[in-house]
Amino acid sequence: AKDKGRGGHEFYAAQMNAQGTERLMLESGLRRALERNELEMHYQPKMDLRTQRIVGVEALMRWRHPVLGMVSPAQFIPIAEETGLIVPMGLWALRTACAEARDWQSRGLPPVQMSVNLSVRQFASDSLVEDIAGVLNETGLNPELLELEITESVMMKSPETTAQLLQQIRRLGVGLAIDDFGTGYSSLSYLKRFPLTTVKIDRSFVNDLSQDPDSQALADGIVTLAHGLRMKVVAEGVETAEQLAYLRAHGCDEIQGYWLCKPMPAEDVCAFMARHLRT
Ligand code: C2E
Ligand code: CA
Ligand code: CA
Ligand code: CA
């Protein structure tokens, strides 16, 4: 039996491609990433198009793998979601981001909104609302300064339960943004049904805004729809002055993207905000 087991293992190993190996390496590494302090949060500023002020930041997770170096969230977030590790990781991200926001204020920076991504898996955890309330309590961050970014997949999962959870989160005073808007399959009625405060126009629409009339029509439609429902509109992935000019001329409220700056470690974003105040 022992030989058979080993043979089976060898067979499997031979079959396994490089991708599979890397995937296993990431999966086992991710289990220890939190306790080994390999995760960090970076922050990408958002600018108000009317006042040109920095009014918020989005918190984005980074993983510094001891061997592989920086691993992209596009690679590790899906694994974290499949394994359920996203639940403790997401709570850590929320706590870290809120503590950081509070710290910036105590250093004399004007208050900015802190947006944190929430995975669909976190909605399956019984303690989500308590966890959020606990972090706000613990860090002393004004709930009005916290915004949670969710995707359409959250609302599709179980609309009834989700609507209730989102109501409870809103009652804490926390804002709710719908992320990557227009890329999922949710129906427009979700915008009315859920207590959302912000719509984020997905990067794919912003990308070809300056050449493509269809993308322009989509962006214009999202702005009109969102404003009609008293929601704020943020465009993500703004890289050029042309995109910025279009969005400003068409009523978008805030932008985020490489045109302004890339996501940065806390120290750098702090310095960026301080510099921006003086210009
Ligand atoms: P997302 O929530 O849509 O975040 C925006 C992504 O666009 C970020 O990628 C950001 O770095 C990138 N980005 C911002 N401006 C530009 C731009 O001008 N051009 C281009 N090409 N890209 C831009 P990032 O940091 O690699 O994150 C990828 C995704 O991973 C996020 O997409 C989000 O879905 C997920 N993610 C990241 N951090 C967390 C987290 O803490 N929790 C959860 N649940 N998901 C996270
Ligand atoms: Ca996001
Ligand atoms: Ca997004
Ligand atoms: Ca996106």
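Does Arg95 count as buried, partly exposed or exposed, and at what relative accessibility? Arg95 counts as partly exposed, at 33% relative accessibility. The model is predicted. The topics below are the two calcium ions bridged by Asp179, the salt bridges, of which the structure holds 13, the surroundings of Glu147, and a few surface features.

**Calcium ion (ligand 2)**

- Four residues coordinate the calcium ion (ligand 2): Glu58 through OE, Asn117 through OD1, Glu149 through OE and Asp179 through OD, at 2.2 to 2.3 Å.
- Along the sequence, these donor residues follow the spacing E-x58-N-x31-E-x29-D.
- Asn117 belongs to strand β4 (residues 113-117) and Asp179 to strand β6 (residues 175-181), so this pair ties together parts that are 62 residues apart in sequence.
- Asn117 is partly exposed, its relative accessible area being 29%.
- Asp179 counts as buried, at 7% relative accessibility; the cut-off for buried is under 20% relative accessible area.

**Calcium ion (ligand 3) and the bridge**

- The calcium ion (ligand 3) is coordinated by Asp179 (OD), Asp180 (OD) and two OE donors listed for Glu236, at 2.0 to 2.9 Å.
- The spacing of the donors of the calcium ion (ligand 3) along the chain is D-D-x55-E.
- Asp180 and Glu236 link distant parts of the chain: Asp180 lies in strand β6, Glu236 in the loop between β8 (232-235) and α11 (241-249), and they are 56 residues apart.
- Asp180 is partly exposed, with a relative accessible area of 23%, whereas Glu236 counts as buried at 12% relative accessibility.
- Asp179 coordinates both the calcium ion (ligand 2) and the calcium ion (ligand 3), and the two ions are 3.7 Å apart.

**Salt bridge between strands: Lys46 and Glu147**

- A salt bridge joins the side chains of Lys46 and Glu147, at 3.6 Å from N to O.
- This pair links distant parts of the chain, with Lys46 in strand β1 (residues 39-48) and Glu147 in strand β5 (residues 146-150), 101 residues apart.
- Lys46 counts as buried, at 1% relative accessibility, and Glu147 is buried with a relative accessible area of 1%.
- Leaving aside neighbours within four places in sequence, Glu147 is in contact with Lys46, Gln113, Met114, Ser115, Val116, Val174, Gly175, Leu176, Ala177, Thr197, Thr198 and Lys232.

**Salt bridges involving helices**

- Glu138 and Arg95 form a salt bridge in which the closest N and O atoms are 3.0 Å apart.
- Glu138 lies in helix α5 (residues 128-139) and Arg95 in helix α4 (residues 86-106), so the pair ties together parts that are 43 residues apart in sequence.
- Glu138 counts as exposed, at 54% relative accessibility, while Arg95 counts as partly exposed at 33%.
- Elsewhere, salt bridges that share partners join Lys46, Glu58, Glu147, Glu149 and Lys200 into one network; among these residues, Glu58 and Glu149 also coordinate the calcium ion (ligand 2).
- Arg23 forms a salt bridge with Glu27, with 3.0 Å between the closest N and O atoms.
- Both Arg23 and Glu27 lie in helix α2 (residues 18-33), four residues apart, which is about one turn of the helix.
- Arg23 is partly exposed, having a relative accessible area of 28%.

**Surface patch and a long separation**

- A nonpolar patch on the surface is formed by Met25, Val67 and Leu68, which together have about 260 Å² of accessible area.
- Met25 is found in helix α2 and counts as partly exposed, at 34% relative accessibility.
- Ala274 is located in helix α12 (residues 266-278) and is partly exposed, with a relative accessible area of 23%.
- Ala274 and Ala124 are 150 residues apart along the chain, and their C-alpha atoms are separated by 39 Å.

Note on methods
Residues numbered from 1 in each chain as written. Chains lettered and ligands numbered in written order. Predicted model: local features only at pLDDT ≥ 70, side-chain atom pairs only at ≥ 80, totals over all residues. Heavy atoms only, no water. Donors = N, O, S within 2.8 Å, 3.2 Å for Na, K, Ca; no water. Helix = DSSP H or I, 4+ residues; strand = E, 2+ residues; numbered from the N terminus. Buried < 20%, exposed > 50% of the residue type's maximum accessible area, 1.4 Å probe, protein only. Salt bridge = Lys/Arg side-chain N within 4 Å of Asp/Glu carboxyl O. Patch = residues over 30% accessible without salt bridge, like charges linked within 9 Å, V, L, I, M, F, W, Y side chains within 5 Å. Areas by Shrake-Rupley, 256 points an atom, 1.4 Å probe, with all protein chains shown as cover. Contact = heavy atoms within 4.5 Å.
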